[in-house]
Amino acid sequence: MRSPFIALLSLRQRFQLPRIFTGLIASTVCIASVISMMIAVPTRGGAQADGGFPKKTGVLEPGTQHPMSDLHPDAEFPVAGHPDWLGVTDDALWVASSNVNHVVRLDATTNKPDVVIDIAKPCSGLAVGFGSLWIPSCGSHNLLRADAKTGVIQATISASPADSEGGIAIGADSVWLVTLPAGDLVRINPQSNKIVANIPLPKGSFNPIFAGDSIWVSSNDGNALVRVDPTTNKVAGSTPIGAKPRFLAAGEGSVWVLNQGDGSVSRVDATTGKLLATISAGIPGLGGEIAYGGGSVWATVFGFPITRIDPATNKVTQQWTGDGGDSIRFAHGSLWLTFLTGAKVWRLKVPGA
């Protein structure tokens with residue numbers, strides 16, 4: 001869910017490169033970007049090629065696309081750094097900001113940020129369950145468990161997230177995370193805070209979700225949605241879907257997968273594992289996220305901060321272009337959207353269908 005420049009900063013931190021070295025690379029990137037802009041003018045919504053991915057075009061059906069300036073936030077939360085992953089509780093949202101090493105609580109009643117948890121490079125999603133907020137750390141290479149209201153750290157679990165753009169899931173009375181060194185899906189017992197199972201996955205599978213009594217993991221390398229049976233702790237099947245699948249949502253009896261390779265969304269039956277639909281959305285590329293709520297599926301990527309899909313028709317009905325985006329949730333009667341490069345989170349009225 002990060003831009004290439006943010007990934008560059010993480011590269012410097014990971015390999016402890018001198019700051020001046022990063023500056024030289026950044027300068028080169030900026031010069032190349034200027035030259036690129038002089039050569040080609042981006043189409044609507046910043047639809048230029050993204051790291052070898054196809055161009056973002058969105059859905060070109062007349063009346064579908066709208067500018068972000070049409071939407072006016074009910075609340076705007078300032079969040080230092082690059083606000084990214086979101087986690088929903090019964091009275092708030094939590095947002096992670098990896099580059100400044102913290103997770104911030106956004107109170108849904110006061111519309112103000114309050115509690116801040118210091119975490120070394122929070123990454124790979126946020127999950128809420130068993131009265132706690134579960135925070136993977138790419139800095140300490142652990143999984144942190146915090147009180148979902150106060151933010152007080154309750155446990156530190158030796159489970160290093162396998163990918164900063166992975167995810168974490170709650171289901172079947174357990175917490176699930178894909179971890180290093182083997183890339184296994186680990187199952188954590190929230191009563192003991194111990195790993196109770198290690199489940200081998202196909203290479204390049206990082207993002208889990210619980211739906212229909214199964215754990216589903218998108219295989220970015222294998223172009224598939226992998227099914228794990230929590231009663232046996234084994235892979236139980238695999239469904240071929242779109243190119244480079246990454247982020248997942250559950251709703252309407254289905255698993256919804258944002259495919260970074262071609263910008264489509266795959267809909268898979270959460271009971272049978274059957275591919276029900278492949279929905280063209282025109283939003284390929286790195287980063288992004290997908291969520292379900294309010295009777296719609298919501299996707300976000302840079303340039304196209306909000307894409308709305310109607311589960312009744314399996315079609316994109318609305319799409320907003322412009323600034324903002326990278327994480328999205330429907331919660332507390334509102335649509336919540338991060339503006340990763342703008343250091344803020346927006347709370348929006350649900351747009352009219």
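Visitor: Among contacts in the chain between residues at least 6 apart in sequence, what share joins residues at least 24 apart?

Guide: Such a share tells a reader how far along the sequence the contacts reach. In this predicted model, 45% of the contacts between residues at least 6 apart in sequence join residues at least 24 apart.

Visitor: How many helices and strands are there in the chain?

Guide: The chain has two helices and 29 strands. It holds 353 residues, and buried residues make up 53% of them.

Visitor: How are strands of a sheet paired?

Guide: Strands of a sheet pair through backbone hydrogen bonds, and the pairing is either parallel or antiparallel. Here, one open sheet has four strands in the order β2-β29-β28-β27, with antiparallel pairing. At its edges are β2 (75-78) and β27 (328-331), each of which pairs on one side only. Direction ignored, neighbouring strands of this sheet are turned by 20° against each other on average.

Visitor: Over how many bridges do β27 and β28 pair?

Guide: β27 pairs with β28, residues 334-339, over four bridges in the antiparallel sense. To find one of them, look at Ala 331, whose bridge partner in β28 is Ser 334.

Visitor: Which strands form the open sheet that has β12 and β13 in its order?

Guide: That sheet consists of four strands in the order β11-β12-β13-β14, and the pairing is antiparallel. Its edge strands are β11 (168-171) and β14 (194-199), each pairing on one side only. The average turn between neighbouring strands of this sheet is 25°, direction ignored. Four bridges join β11 to β12, residues 174-179, and the two run antiparallel. Ile 168 has Leu 177 as its bridge partner in β12.

Visitor: Which residues of the largest nonpolar core touch the most other members?

Guide: A core is read by asking which residues belong to it and which elements supply them. The largest nonpolar core has 28 residues, and Val 103, Ile 117, Leu 126, Ile 135, Trp 256 and Ile 290 touch the most other members. Several strands supply at least two residues each, among them β4 (92-97), β8 (132-137), β9 (142-147) and β20 (254-259). The largest share, three residues, comes from β24.

Visitor: With which residues is Val 103 in contact, leaving aside its neighbours within four places in sequence?

Guide: Val 103 is in contact with residues including Trp 94, Val 95, Ala 96, Ile 117, Leu 126 and Ile 135. Of these, Ile 117, Leu 126 and Ile 135 have been named with Val 103 as residues that touch the most other core members.

Visitor: How many salt bridges does the count come to?

Guide: The count comes to nine salt bridges. In one of them, the side chains of Lys 344 and Glu 76 meet at 3.6 Å, N to O. Lys 344 lies in strand β29 (residues 344-348) and Glu 76 in strand β2, so the pair ties together parts that are 268 residues apart in sequence. Glu 76 is partly exposed, at 45% relative accessibility.

Visitor: Which residues are linked with Asp 90 in a network of salt bridges?

Guide: The network links Asp 90, Asp 91, Arg 105, Asp 107, Asp 114 and Lys 149. Within it, Lys 149 forms a salt bridge with Asp 90, and their closest N and O atoms are 3.5 Å apart. Lys 149 is in the loop between β9 and β10 (153-157), while Asp 90 is in the loop between β3 (86-88) and β4, so this pair links distant parts of the chain, 59 residues apart.

Visitor: Is Asp 90 buried or exposed?

Guide: Asp 90 is exposed because its relative accessible area is 63%, and exposed means over 50%. Lys 149 is partly exposed at 46%. Elsewhere in the network, Arg 105 forms a salt bridge with Asp 107, with the closest N and O atoms 3.1 Å apart. Arg 105 is buried, with a relative accessible area of 6%, and Asp 107 is buried at 13%.

Visitor: Where does Thr 307 lie?

Guide: Thr 307 lies in strand β25. Thr 307 is buried, with a relative accessible area of 0%. Its side chain makes a polar contact of 2.9 Å with the side chain of Gln 319. Not counting residues up to four places away in sequence, Thr 307 also touches residues including Ala 281, Ile 283, Trp 298 and Val 316.

Note on methods:
Residues are numbered from 1 along each chain as its sequence is written. This is a predicted model: local features need pLDDT of at least 70, side-chain atom pairs count only at pLDDT 80 or more; totals for chains, interfaces and linings use all residues. Side-chain values use heavy atoms; hydrogens and water are left out. A nonpolar core is a set of buried Ala, Val, Leu, Ile, Met, Phe, Trp, Tyr and Cys residues joined through side-chain atoms within 4.5 Å. Buried means under 20% relative accessible area, exposed over 50%, partly exposed in between (1.4 Å probe, protein chains only). Contact means heavy atoms within 4.5 Å. Two strands pair if DSSP finds at least two bridges between them. Axes are lines fitted to C-alpha atoms, for helices over the stretch in contact, and angles run from 0 to 180 degrees between N-to-C directions. A salt bridge is a side-chain nitrogen of Lys or Arg within 4 Å of a carboxyl oxygen of Asp or Glu. A polar contact is a pair of N or O atoms within 3.5 Å; within protein, one must be able to donate a hydrogen and the other to accept it, and residues adjacent in sequence count only if both atoms are side-chain atoms.
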